[in-house]
Amino acid sequence: MGTTAAAATSVPPDVLSQYSVLGSPSVLGRGVYSVTNTGFAVSDLKVAGPVIVLNNAVLLWDVPQYGVGGPNGGVDDDDVARLPPGSIKDPASPCYGWTADMFKIFEAVEPTPDILVIGTGGTMALLPPAIRKYLTSLGMQVEVQGSKQAASTYNVLLQEGRKPACALLPVIPTSARTGLPLVDLVDLADRKTEE
């Protein structure tokens, strides 16, 4: 009895995992090991810009930060006029210009996380009430913290065996598309000293 061609060429999964560019995921999930000014270290990956860590996957999250960046390059007056009631319209908030569309991925994932920990950058900021309501309607608890605290909370939830997800903004607004800061802090500091 000979082996078929398919059986002869199959490769055991453990051999394939040696060549994975993402490394082997933990049974518990991917932990967030560090928060830098412009990104995150998630397990063995270093990522610049906002991220969503969900069901053992690391996804770039193209979302505006303080109204800068995101899929449309930023938030303008027309965008603000179209925001639903309860949205944050203050450009001093990292959530400025956010809508439920920024979180639509959670409608498509299986299993749905039991809790979403949102990191809003260097400090904790309020989440627009309409977004909180939308996320809880999907069956998730929502916790909002500064990104360093959110990463820590997410890691603890993983260790407890929960099914968490996290959506994290870097401390300095950074493009998910380019990995470059969206603001020039030196230029901003110079402008403040001139005033």
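1. Overall composition. Seven helices and eight strands make up the secondary structure of the protein chain. The model is a predicted one, and the points below should be read accordingly.

2. Burial and surface. The protein chain has 195 residues, of which 41% count as buried. Its exposed area is about 10900 Å², and carbon and sulfur atoms supply 56% of that area.

3. Contacts along the sequence. When contacts in the protein chain are restricted to residues at least 6 apart in sequence, 63% of them join residues at least 24 apart. A separate case of two positions distant in sequence is given by Thr-36 and Pro-170: they are 134 residues apart along the chain, and their C-alpha atoms are separated by 7.0 Å.

4. The setting of Thr-36. This residue belongs to the loop that runs between strand E1 (32-35) and strand E2 (39-42). Thr-36 has a relative accessible area of 36%, which lies between the limits of 20% for buried and 50% for exposed; it is therefore classed as partly exposed.

5. The largest nonpolar core. This core comprises 23 residues, and those with the most contacts inside it are Trp-61, Trp-98, Phe-103, Phe-106, Leu-116, Ile-118 and Leu-135. Two or more residues of the core come from each of the following elements: strand E4 (51-54), strand E6 (115-120), helix H5 (129-137), strand E7 (141-145) and strand E8 (164-169). A second core, separate from this one, has 17 residues, including Val-51, Ala-150, Tyr-154 and Leu-158.

6. Aromatic pairs. Three aromatic pairs are found in a search of the whole structure. In the pair formed by Trp-98 and Phe-103, the ring centres are 5.8 Å apart and the planes meet at 65 degrees; the pair is edge-to-face because this angle is over 60 degrees. Trp-61, Trp-98 and Phe-103 are linked by ring pairs into a cluster.

7. Burial of the paired rings. Are Trp-98 and Phe-103 buried or exposed? Trp-98 has a relative accessibility of 0% and so counts as buried. Phe-103 likewise counts as buried, at a relative accessibility of 0%.

8. The surroundings of Phe-103. With neighbours within four places in sequence left aside, Phe-103 is in contact with Trp-61, Trp-98, Leu-116, Ile-118, Ile-131, Tyr-134 and Leu-135. Among these partners, Trp-61 and Trp-98 also belong to the ring cluster that includes Phe-103. Leu-116, Ile-118 and Leu-135 are listed, together with Phe-103, among the residues with the most contacts inside the largest nonpolar core.

Methods:
Residues are numbered from 1 along each chain as its sequence is written. This is a predicted model: local features need pLDDT of at least 70, side-chain atom pairs count only at pLDDT 80 or more; totals for chains, interfaces and linings use all residues. Side-chain values use heavy atoms; hydrogens and water are left out. Rings of Phe, Tyr and Trp (its six-membered ring) pair if their centres lie within 6.5 Å; planes under 30 degrees apart count as stacked, over 60 as edge-to-face and the rest as tilted. Buried means under 20% relative accessible area, exposed over 50%, partly exposed in between (1.4 Å probe, protein chains only). Helices (H or I, at least four residues) and strands (E, at least two) are DSSP runs, numbered from the N terminus. A nonpolar core is a set of buried Ala, Val, Leu, Ile, Met, Phe, Trp, Tyr and Cys residues joined through side-chain atoms within 4.5 Å. Contact means heavy atoms within 4.5 Å. Accessible areas come from the Shrake-Rupley method with a 1.4 Å probe; for residues, only the protein chains shown count as cover.
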